[in-house]
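Please read the following report alongside the sequence and the model. It moves from one buried residue and its salt bridges to the strands, the nonpolar core and the chain as a whole.

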Amino acid sequence: PRIDDDNRGRQLSGRGGWKPVPGLAVGASAARGEFLTRGIGDAAEAIFGKRSSRQQALGLDAEYSRDHWIVRGEVIDSRWQLPAFGQPAIETPLRATAAFVETRYRFTPRYFAAARADRLTFSRVRGAVSFQGQPTPWDAPVTRIEVGVGVQLQRNLSARAVVQRNWRDAGRVRTRTFLSGQLAVWF
């Protein structure tokens, strides 16, 4: 949500949650609103005629905890309706879907291990000359796996070490592994 209106559009969003049993929480959320600024939207309308520039997002999430375990997951589907900026026009909404699942296990109140896997995919569009008009994703899908360990040094201070592996279905760099360390303090 914005404090000021930069596109004369309205946004509608909502979230609902349910806790059917101890340790389990399930939620759903949705949002819909215009995403182009007034200047770009007015220019597109003057050239191509009136057409919606709306984004819609739907999300589902869940979390379950028991004993030393916690498992979380989420999936979000976003769609953008584009004005006809070029030919051939993209008639169907652009779509991106992201999903992840993660888990953490506490060996003791101080020591823990965690893992996460996520995936980001994109819908296919038609019209790029370099692909001979064949439908192709509008961006390259990405898969990521992350594993780490940590220690709670004090109540408000933790240290973590993580290794992350990324795969991308296109581009100059298709795989990459990162090592990282983190010292987190909160107050």
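## Asp 118 and its salt bridges

Asp 118 is buried, with a relative accessible area of 15%, where buried means under 20% relative accessible area, exposed means over 50%, and partly exposed covers the range in between, for a 1.4 Å probe and protein chains only. This is a predicted model, in which local features need pLDDT of at least 70 and side-chain atom pairs count only at pLDDT 80 or more, whereas totals for chains, interfaces and linings use all residues. Residues are numbered from 1 along each chain as its sequence is written, and side-chain values use heavy atoms, with hydrogens and water left out.

Asp 118 is joined by a salt bridge to Arg 144, with 3.8 Å between the closest N and O atoms; a salt bridge here is a side-chain nitrogen of Lys or Arg within 4 Å of a carboxyl oxygen of Asp or Glu. Because Arg 144 lies in strand E9 (residues 142-154) and Asp 118 in strand E6 (residues 111-122), the pair ties together parts that are 26 residues apart in sequence. Through salt bridges that share partners, Glu 63, Arg 72, Glu 102, Arg 116, Asp 118 and Arg 144 form one network. The structure holds 12 salt bridges, three of which are set out below.

| Salt bridge | Closest N to O distance |
|---|---|
| Arg 72 and Glu 63 | 2.8 Å |
| Arg 144 and Asp 118 | 3.8 Å |
| Asp 67 and Arg 66 | 3.9 Å |

The partners are covered to varying extents: Arg 72 is partly exposed at a relative accessible area of 30%, Glu 63 is partly exposed at 29%, and Arg 144 is likewise partly exposed at 29%. Both Asp 67 and Arg 66, by contrast, are exposed, with a relative accessible area of 71% for Asp 67. Asp 67 is found in the loop between E3 and strand E4 (69-80), and has a positive phi of about 55 degrees although it is not a glycine. Most residues other than glycine have a negative phi.

## Strands and hairpin

The secondary structure of the chain comes to 1 helix and 11 strands, taken as DSSP runs numbered from the N terminus (H or I of at least four residues for helices, E of at least two for strands). Along the sequence, these elements follow the pattern β-β-α-β-β-β-β-β-β-β-β-β. Strand E1 (residues 11-18) pairs with strand E2 (residues 24-34) in the antiparallel sense over 8 bridges, pairing being assigned if DSSP finds at least two bridges between two strands. Within this pair, Gln 11 stands opposite Gly 33 in E2, and in the hairpin, which has 5 residues between the strands, Gly 23 takes a positive phi near 95 degrees. E2 also runs antiparallel to strand E3 (residues 54-66), to which 11 bridges join it, and here Val 26 stands opposite Ala 62 in E3.

## Core and chain totals

The largest nonpolar core consists of 6 residues, namely Trp 80, Leu 82, Leu 94, Ala 96, Phe 122 and Val 125; such a core is a set of buried Ala, Val, Leu, Ile, Met, Phe, Trp, Tyr and Cys residues joined through side-chain atoms within 4.5 Å. When neighbours within four places in sequence are left aside, Phe 122 is in contact (heavy atoms within 4.5 Å) with Arg 95, Ala 96, Pro 137, Trp 138, Asp 139, Ala 140 and Pro 141. Over the chain, buried residues make up 22% of the 187 residues. Among contacts between residues at least 6 apart in sequence, 46% join residues at least 24 apart.
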